Amino acid sequence: MKAVAEAPCKAIITGEHFVVHGAWALAAAVERRVRVEASEADEMAIESDGHRTNDSSKKRLAPVARVVTKISDELRFNPRVLIRITSRVPESSGLGSSAATMVAVASALTKLKGVELDASEISRYAMTGETAIHGRPSGIDVNVCATGGVILYKMGEEAKRVKFAGSRRFLIVQSGTKRSTRILIDRVSRMNVKYPGLFAGLANSASFISELAATRLVNGDMQELGRLLTYNHAVLSTVGASTPKLDRLVDLLLALGCYGAKLTGAGGGGSVFAIPREGSTDALIAELKLRGYESFQTNVPCEGVKSWLQ
Ligand code: PMV
């Protein structure tokens with residue numbers, strides 16, 4: 001018998017980085033999933049896209065081993081399990097591939113052991129692995145991968161579910177440059193140390209943008225939401241999260257008629273999140289491909305982590 005869990009990845013709509021410093025941020029689950037299978041074994045072993053390690057100190061998979069150990073210690077499980085990970089989420093590109101992995105691991109493992117956890121408990125365990133990778137994550141990624149849908153999130157408070165009728169369409173464009181979330185969090189945080197007053201103002205502004213963006217999203221006012229996104233990109237550029245290439249990509253998307261665009265996640269490369277005009281998405285994806293950019297459309301909201309026995 002094995003347990004299977006699948007977790008969606010995510011896109012931060014507004015408020016990344018500042019969320020690490022106490023601001024509100026808005027995030028959506030995205031329908032590209034990480035699949036994890038958990039089964040009993042002779043020793044703890046982790047396999048990722050076909051490569052196995054029994055040595056939990058191996059750098060890449062050590063955070064997964066941490067999640068398994070934390071859950072096994074707290075819930076008094078036997079940690080001798082085989083964890084098999086397969087992912088459709090591009091790594092190091094701002095779409096929360098590590099968060100989706102940690103959430104799916106926590107969910108598959110507890111399913112295997114017959115324990116039902118709610119989304120906040122799954123997120124708490126998943127955070128052990130996320131912290132090992134990123135240093136000081138806010139928790140927004142694991143929360144939205146676990147709950148699905150759209151959440152308004154602030155550290156230390158329960159995530160607020162943003163509900164609306166129907167669905168909304170967004171475009172995710174990959175810049176093609178990989179980067180490290182940990183390095184970018186440190187870079188942005190240094191500005192907070194150097195110019196605390198200025199940074200506090202920008203964080204307030206990002207927080208306010210996120211609350212406004214949630215309202216625009218609920219009302220389906222995509223044009224106004226787009227403007228808020230573009231404004232948020234400028235704020236993120238000010239604190240060093242963007243790059244000339246990302247700025248050019250945002251400008252290109254606006255020139256191609258999008259209502260708004262911004263970097264999503266830690267920046268420094270990774271992906272751009274855009275709001276296409278109604279009916280323009282297919283042509284936009286084709287145009288971006290001609291210019292060397294991979295992109296895909298995402299329908300929001302999407303379901304959170306799910307698990308089952310097989
Ligand atoms: O680039 P990602 O998918 O790792 O997202 C990072 C988002 C940050 O706000 C920069 C960090 C965080 O934990 O909130």
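The paragraphs below lead through the cores, a helix, a set of paired strands, the cysteines and some unusual backbone angles of a predicted model.

Residues are numbered from 1 along each chain as its sequence is written, and side-chain values rest on heavy atoms, with hydrogens and water left out. Since the model is predicted, local features need pLDDT of at least 70 and side-chain atom pairs count only at pLDDT 80 or more, while totals for chains, interfaces and linings use all residues.

A good place to begin is the interior. The largest nonpolar core (a set of buried Ala, Val, Leu, Ile, Met, Phe, Trp, Tyr and Cys residues joined through side-chain atoms within 4.5 Å) has 91 residues, and those with the most contacts inside it are Phe18, Ile83, Val103, Val150 and Leu253. Buried here means under 20% relative accessible area, exposed means over 50%, and partly exposed lies in between, with a 1.4 Å probe and protein chains only. Helix α2 gives the largest share of this core, 10 residues; helices (H or I, at least four residues) and strands (E, at least two) are DSSP runs numbered from the N terminus. Because domain 1 (2-163) and domain 2 (168-300) both give residues to the core, it lies between them, the domain bounds being taken from an automatic or database domain assignment. Leaving aside neighbours within four places in sequence, valine 103 is in contact (heavy atoms within 4.5 Å) with Ala7, Ile122, Ala126, Val142, Cys145, Ala146 and Val305. Apart from the largest core lies another, of 12 residues, which include Val19, Val144, Ile151 and Cys302.

Helix α1, at residues 62-75, has 14 residues and reaches 20 Å from its first C-alpha to its last, close to the 20 Å expected at 1.5 Å a residue, where the expected span is 1.5 Å times one less than the number of residues. Pro63, Val64, Ala65, Val67, Val68, Ile71 and Ser72 of α1 are buried, and what covers them includes β3 (45-48), β5 (81-87), α2 (97-112) and α3 (119-134).

In a regular strand the side chains alternate between the two faces of the sheet. In strand β6 (residues 150-153), Val150 and Leu152 point one way and Ile151 and Tyr153 the other, and all are buried. Two strands pair if DSSP finds at least two bridges between them; β6 runs antiparallel to β2 (residues 25-40), joined by four bridges, with leucine 26 opposite leucine 152. Strand β7 (residues 160-161) also pairs with β6 in the antiparallel sense, over two bridges, and here isoleucine 151 stands opposite arginine 161.

What does a search for disulfides find? The whole structure holds zero disulfides, a disulfide being a pair of cysteine sulfur atoms within 2.5 Å. The buried cysteine 9, at 1% relative accessibility, has its closest cysteine sulfur 6.9 Å away in cysteine 145, too far for a bond. Cysteine 258 is likewise buried, at 6%, and its sulfur is 19 Å from the closest cysteine sulfur, in cysteine 9, too far for a bond.

Most residues other than glycine have a negative phi, and most peptide bonds are trans. Arginine 76, in the loop between α1 and β5, has a positive phi near 55 degrees and is exposed, with a relative accessible area of 74%. Serine 92, in the loop between β5 and α2, has a positive phi of about 50 degrees and is partly exposed at 33% relative accessibility. A cis peptide bond, with omega about 5 degrees, joins valine 300 and proline 301, and proline 301 lies in the loop between β11 (295-300) and β12 (306-309).
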